[in-house]
Amino acid sequence: MAGFLSLFRRLEGPQTLGRGPAFWALFALVLAGALAYPLFSDGYTVGNTVYFFVWVFIALSLSLIWGYGGSLSFGQTAFFGIAGYGYGILTINFGAAYGFTWIALLLAVGMAALVAALLGYFMFFGRIAGVFLGIVTLAVTLMLERFMAQTAGPEWRIGAARLNGFNGMSAMPPLTIPWFGGPIVLFADVGLYYVVLAMLVLVYLGLRILMNSAFGNVIVAIRENPERAEMLGYDIRKYQLITFVIGAALAGLSGVLYTVWGQYITPSSMGMTAASLPLIWGAVGGRSDLTATIIGTLVVLSGFQALTIYGSQYALVFMGVLLVLTVLIAPNGLVLGVINWITKLVTRRKREAA
């Protein structure tokens, strides 16, 4: 009981915005609206909303690694792709019976985390930091994309699963829940919406607890001054590696859910454009806070999808302009800046009223 209360108290803390009854009442209201949303919308729109939710996980992974940890990584889409392809290979070969899709999900996320552990070990224990860490992770991402793009021949198969080169893999089964009256298949509709929403809420609350713990405080201390943190006795390489692996697991979860949602995965999911977009979402929202990251990702991604109707090139130009404006006007993020401004305004009015 005491341990549960300790975790509950860590939902609030210095590393995350939002505290007190007002914040959690607003959180409950938003969650209630999200739960009721499918009741007032059609299946296609609900499935499209799942697409938005899927990308939030990779944005949160960057918030953890880059925003809190201070390590800029272009490798999140590599872990995204590894897990997506891993899920496809496993489910095409072993099917979806007896809930195997959930085992495949865990194994695929584990693959991404394992690759991140190996890569991160050589980077962090090799003292690679700053812009060089970004270069290494970008190189890994682009090499993986190039490799997967040339696997079009019939010899490129793992069991029954063909990699299909630039065309990507398809026809992998969606998540399936074993049930007494027959399995529940979670297509991109209401069922998958509620499952992904539950995952998103659990990940968000879990990350709040993590970042307000002693571990989170150390991660932020390393971001602010790694030399000072090391002088205080912390092995900063270990903390950076753990953060990197957790972030990779979140990116992998995003990749699996994307594969589940569309029942396909292609090498373009790991390309330069795919690698840069989550960075823009995090930068615009406010990478150093989880709540701002989620809001920024959903808002910017909605705008990006609307602009693609008129041409993807215009959407990409808009994303570039938005990033430049954010860096010039609000380096800490537009959403985070607005939240801080509202918080200061409310605090000042309370003081004046007192």
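Which helix gives the most to the nonpolar patch? I looked this up in a predicted model. Helix H13, residues 312–329, gives the most, with 6 residues.

**Entry: the patch**

I noted the members of the nonpolar surface patch as Val317, Val321, Val324, Leu325, Leu328, Ile329 and Leu334. Together they make about 660 Å² of surface. I picked valine 321 for a check and found its place in helix H13. Valine 321 has a relative accessible area of 43%, so I entered it as partly exposed.

**Entry: aromatic pairs**

I then turned to the rings. A pair of aromatic rings is described by the distance of the centres and the angle of the planes. My count for the model came to 24 aromatic pairs. Tryptophan 55 and tryptophan 281 form one that is edge-to-face, with 5.8 Å from centre to centre and 75° between the planes. This pair links distant parts of the chain, since tryptophan 55 is in helix H3 (residues 43–68) and tryptophan 281 is in helix H11 (residues 272–285), 226 residues apart.

Are the two tryptophans buried or exposed? Tryptophan 55 has a relative accessible area of 9% and is buried. Tryptophan 281 is buried as well, at 2%.

I next looked at phenylalanine 147 and tryptophan 156. Their ring centres are 5.4 Å apart and their planes stand at 90°, so I wrote this pair down as edge-to-face. Phenylalanine 147 is partly exposed, with a relative accessible area of 40%. Tryptophan 156 also counts as partly exposed, at 26%.

I followed the ring pairs further and found a cluster that they link together. Its members are Tyr51, Phe52, Trp55, Phe80, Tyr258, Trp261, Tyr264 and Trp281. Both tryptophans of the H3 and H11 pair are therefore on my cluster list, and each is buried.

**Entry: a charge over a ring**

Which residue lies over the face of tryptophan 66? I found arginine 287 there, at 4.5 Å from the ring centre.

**Entry: alanine 113**

I located alanine 113 in helix H5, which covers residues 100–124. Its relative accessible area is 16%; buried means under 20%, so alanine 113 is buried. Leaving out residues up to four places away in sequence, I found that alanine 113 touches Val245 and Ala249. I also checked alanine 113 against threonine 49. The two are 64 residues apart in sequence, and their C-alpha atoms are 27 Å apart in space.

Technical notes. Residues are numbered from 1 along each chain as its sequence is written. This is a predicted model: local features need pLDDT of at least 70, side-chain atom pairs count only at pLDDT 80 or more; totals for chains, interfaces and linings use all residues. Side-chain values use heavy atoms; hydrogens and water are left out. Patches are made of residues with over 30% relative accessible area and no salt bridge: like charges are joined within 9 Å, nonpolar side chains (Val, Leu, Ile, Met, Phe, Trp, Tyr) within 5 Å. Accessible areas come from the Shrake-Rupley method with a 1.4 Å probe; for residues, only the protein chains shown count as cover. A salt bridge is a side-chain nitrogen of Lys or Arg within 4 Å of a carboxyl oxygen of Asp or Glu. Helices (H or I, at least four residues) and strands (E, at least two) are DSSP runs, numbered from the N terminus. Buried means under 20% relative accessible area, exposed over 50%, partly exposed in between (1.4 Å probe, protein chains only). Rings of Phe, Tyr and Trp (its six-membered ring) pair if their centres lie within 6.5 Å; planes under 30 degrees apart count as stacked, over 60 as edge-to-face and the rest as tilted. A charge sits over a ring if NZ of Lys or CZ of Arg is within 6 Å of the ring centre and within 35 degrees of the ring normal. Contact means heavy atoms within 4.5 Å.
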